[in-house]
Amino acid sequence: MNSTRPRLRTTVPTALLAAAALLALSACSTSHDTDGSAPAGSSGETVDVRIPDPGNSGILALGKKDGSLDKALGKVGARVRWTGSAGPFAPAAQAMNAGQLDIATGSITSGITSLSQRPGFKFFTAVDPDAKGEGILVRDGSGIESVADLVGRKVAVNQGGTGEYLLLKALAKEKIPADKVERVHLRPDQTAAVFNAGQVDAWAVWATYAVAEIGSGKAHFLADGEAIGSDNYSLNAVRTGFAEQHPAVVKALYDYLHTASAKEKKDPAAYLNVFTDVGPTAVTGKAKEVQTEITAESGTVDPIGPEDIARFESVAAFYAEQQVTKEKVDIAAHLLDVEKLT
């Protein structure tokens, strides 16, 4: 990552020593075939892993298209069952809590607010904060040239998630009271029209939605993740019951994601427009250049190390301080050491 802040990740086997619960979870296993490669139930059936459909870009999209993900999971007796579509983490967390989904991707910020309820999931991977792909968007020519210029204005954020975190973090860094800026709580997939119509003055958002706006040539980041000092990791979560029953499947999925994310970082364009290069899901023109640059500078999918946990804890403390959550959420109790899963 191109950032002035040092990369802190430590990927040692003893990264998470946190709790006996984690050790118990990682010790759980399912029965294996005689070659030790295929965990399955007592009847040897194939395990379905329910994952939101990845759409047209990214490592899961390519893994779906070329069959490489199912091939990797097949070695441990599993296969993917694509369900729904990828989107904000909050509804995915609810689906995991309800036993309707097994794997989901989200940010530590939306993860914290979801953990403040009654979570039925744990996080098992981390990707370093996105220094260049997240931030506070403003329209070109808006006259907003600094975070201080947001005082008295409206900023769109997704409540309790990345957007709200980025705005509050930027204001805190400039010692601007949060109540000096009006937060407009909107779903990110409904915000672009509102932003472009001038109904809000800025939009705190991440790459999934920011790339199209920047690529349009009509908007830019007032402050990106690096300038804000973001600790907003991207994480993969697994339904707790699934991890208890199929730890080897979770480990195999991690191995696939780790390897594929390193390949994506080296050749970002190969992971764009996987199924189609036309239509609303395609990334084209300047937006494609923007996305390629962001991905090339992004982190890889790695185990969660002790330094990562410290930064998670700082986000949890910040959310409690800003009254986004009623109290500081205990992050360590909801983490898995993926390297210990067998």
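**Aromatic pairs and a three-stranded sheet**

Phe312 has a relative accessibility of 0%, so this residue counts as buried. It offers a handy way into the structure, which is a predicted model.

The overall picture comes first. The protein has 342 residues, and 53% of them count as buried. Its secondary structure is made up of 13 helices and 12 strands. About 15,000 Å² of the protein is exposed, and carbon and sulfur atoms supply 50% of that area. Among contacts with a separation of 6 or more, 80% are between residues 24 or more positions apart.

What ties such separate parts of the chain together? Aromatic rings give some good examples. A pair of aromatic rings is described by two things, the distance of the centres and the angle of the planes. Searching the whole structure turns up nine aromatic pairs. In one of them, the ring centres of Tyr165 and Phe318 are 5.9 Å apart and the planes meet at 85 degrees; because an angle over 60 degrees counts as edge-to-face, this pair is edge-to-face. Tyr165 belongs to helix 6 (residues 162-173) and Phe318 to helix 13 (residues 306-321), so the pair links parts that lie 153 residues apart in sequence. Tyr165 and Phe318 are both buried.

Phe312 now returns, with Tyr233 as its partner: this aromatic pair is edge-to-face too, with 4.9 Å from centre to centre and 90 degrees between the planes. Tyr233 sits in the loop between helix 9 (225-228) and strand 12, whereas Phe312 is in helix 13, so here the pair joins parts that are 79 residues apart in sequence. Like its partner, Tyr233 has a relative accessibility of 0% and therefore counts as buried.

Charged residues join the aromatic story as well. Lys169 lies over the face of Phe318, 5.3 Å from the ring centre. Elsewhere, one aromatic cluster is formed by Phe195, Trp203, Trp206 and Tyr209. Within that cluster, Phe195 has Arg139 over its face, at 5.3 Å from the ring centre.

The loop that holds Tyr233 leads on to strand 12, and from there to a sheet. Strands of a sheet pair through backbone hydrogen bonds, in either a parallel or an antiparallel way. Here three strands make up an open sheet in the order 5-12-6, with antiparallel pairing. Strands 5 and 6 stand at the edges and have a single partner strand each, so one side of each lacks a neighbour in the sheet. From one strand to the next, the twist averages 30 degrees. Helix 11 (residues 247-266) packs on this sheet and touches strand 5, strand 6 and strand 12; its direction makes about 20 degrees with that of strand 6.

Which residues face each other across the sheet? Strand 5 (residues 103-107) pairs with strand 12 over five bridges, and Gly106 has Leu235 as its bridge partner in strand 12. On the other side, six bridges connect strand 6 (residues 121-127) with strand 12. There, Val127 stands opposite Ser234, and Phe123 stands opposite Ala237. Strand 12 (residues 234-239) is mostly covered, with five of its six residues buried. Strand 5 is mostly covered too, with four of its five residues buried.

One last stop is Ser114, found in helix 5 (residues 108-115). Is this residue buried or exposed? Its relative accessible area is 5%, and because buried means under 20%, Ser114 is buried. Leaving aside residues up to four places away in sequence, Ser114 touches Phe89, Ala90, Ala93, Pro119 and Phe121.

Notes:
Residues numbered from 1 in each chain as written. Predicted model: local features only at pLDDT ≥ 70, side-chain atom pairs only at ≥ 80, totals over all residues. Heavy atoms only, no water. Buried < 20%, exposed > 50% of the residue type's maximum accessible area, 1.4 Å probe, protein only. Helix = DSSP H or I, 4+ residues; strand = E, 2+ residues; numbered from the N terminus. Pairing = 2+ DSSP bridges. Phe/Tyr/Trp six-rings, centres within 6.5 Å; stacked < 30°, edge-to-face > 60°. Lys NZ or Arg CZ within 6 Å of the ring centre and 35° of its normal. Axes fitted to C-alpha atoms, helices over the stretch in contact; angles between N-to-C directions. Contact = heavy atoms within 4.5 Å. Areas by Shrake-Rupley, 256 points an atom, 1.4 Å probe, with all protein chains shown as cover.
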